[in-house]
Amino acid sequence: MEKFIIEGGHKLEGEIEISGSKNASLPIIAASIMCEGKTVLYNVPDLKDIQTMIKILNFMGVNTKFENNTLEIDPSGIYQFTAPYEFVSTMRGSICLLGPLLAKYKKARFSMPGGCVIGPRPIDLHIKGLKKLGVQIENEEGYIVGKADVLKGNDIFLGGSFGSSVLATANVMSAAVLAEGETTIEYAACEPEIVDLAKFLKKAGAKIYGEGSHLLKIEGVKKLKGVEYKIIPDRIEGGTYILAGYITKSKIKINNIIPQHLFALFDKIEECGLKIIYKSNFVETIPNDKWKATEITTLPFPGFPTDLQAQMMGFLSLAEGISIITEKVFPERFIHVGELNRLGADITLDGSKAIIKGVKSLKGAKVMASDLRASAALVLAALTAEGTTEISRIYHLDRGYEKFEKKLNLLGAKIKRIREE
Ligand code: EPZ
């Protein structure tokens, strides 16, 4: 395994380029197996999660070619419809293959994703929506076994106890595209990644209306054709680097970003008394030596994204005053609290709330990565901590951040990736 050795206290300067969105790429790659003929996707980030998805497709017989962030997918050779545990357990996002498999091939045998460090990852909404479209689904020894003679459009309510579900919306919307008749999905997810998936499907011939709102209307079509499509930038990667700028009190420019995707973050940065500049496709951080505490509640889009919660907590650990973060999407998503406290933060938990008492500075220490975004929070904290920080198990980071240390070192950070003995 590998670890990062990070020398803290260096200001950053210059420009950083954001890669394509991991969470838009995954459902779009999944949906491409519904198309007749080859699909070519541009701006696909080269990440472990993308490689895992490609492995699953190849296991099923789908031909792929991935180089220079361009991914070609030819599903004509698909001959099996199983996603084995060893793949799914490393990447729960692969569940977004379920809808496309059932819609196009009418069968699927999919390992239950299981839980992870951010909490249980139920799929009851995925199953409810697919059943409403006429899919028969059984649970056999930890595998979801689905089959359908024909998928028929229906009116589906997809809200759960935590509101909308991103990948349940992806699965049900994708499946409804090839169902007979009209489907409505009430309480659909509004995330930009769902909008990007809808745009891809419409370019391939689907009839979808209302993407970006809670109410989707889909008119089933007979088939989809392979297309060329460019993936949107990764808003979470973008938000992570914006916070890297502020936590190191640096002025940096973040390119290839869609500012509208991050207004909830900008709002909180301004609430902390800081300024931010953004134009059509870039953001500039305007640093300050101090920032105020604030209160954050994570919510589905356009609310404050749960995927930036850990990074924001690292930033607020140095604010003046007491901040409160309420996690309403994944209430247990606080694995990073213990490790941030090892770096000198003063954070306590009360159920789904974290109370962050701002401290003057953080101090380098040995910490362990445990989840994709929690690991990013540790890197941000290490960039500003006095002395050296060692972060082990950084394979978590490689799942969702392309060339992470290379991009930050180009700005002046001092991060070394070394093999752990
Ligand atoms: C997607 O996961 C993202 N992953 C997650 O990003 C992100 O944190 C999450 O959306 C929320 O924005 C991908 O897109 C690959 P949900 P998803 O279904 O779709 C509950 C990252 O770091 N729920 O929107 O699995 C669920 O437990 C990852 O890139 C049900 O109750 O999340 C949670 O509390 C981590 N039943 C809430 O809904 C269901 O059937 C939102 O989860 C499904 C979900």
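Colleague: What follows H7, and what is its phi?
Modeller: Gly 205 follows H7, and its phi is positive, near 115°. Helices here are DSSP runs of H or I with at least four residues, strands are E runs of at least two, and both are numbered from the N terminus. This is a predicted model, where local features need pLDDT of at least 70 and side-chain atom pairs count only at pLDDT 80 or more, while totals for chains, interfaces and linings use all residues. Residues are numbered from 1 along each chain as its sequence is written, and side-chain values use heavy atoms, with hydrogens and water left out.

Colleague: How far does H7 reach from its first C-alpha to its last?
Modeller: H7 covers residues 192-203 and reaches 16 Å, close to the 16 Å expected. The expected span is 1.5 Å times one less than the number of residues.

Colleague: How many of its 12 residues are buried?
Modeller: Nine, so H7 is mostly covered, with buried meaning under 20% relative accessible area, exposed over 50% and partly exposed in between, for a 1.4 Å probe and protein chains only. Among the nine are Glu 193, Asp 196 and Phe 200.

Colleague: Changing topic, how many disulfides?
Modeller: Zero, taking a disulfide as a pair of cysteine sulfur atoms within 2.5 Å.

Colleague: Why no bond for Cys 96?
Modeller: Because the closest cysteine sulfur, in Cys 35, is 14 Å from the sulfur of Cys 96, too far for a bond. Cys 96 is also buried, at 3% relative accessibility.

Colleague: And which strand does S18 pair with?
Modeller: S18 (residues 275-278) pairs with S19 (residues 282-286) in the antiparallel sense, over four bridges; pairing takes at least two DSSP bridges. A hairpin of three residues joins S18 to S19, and Ile 276 has Thr 285 as its bridge partner.
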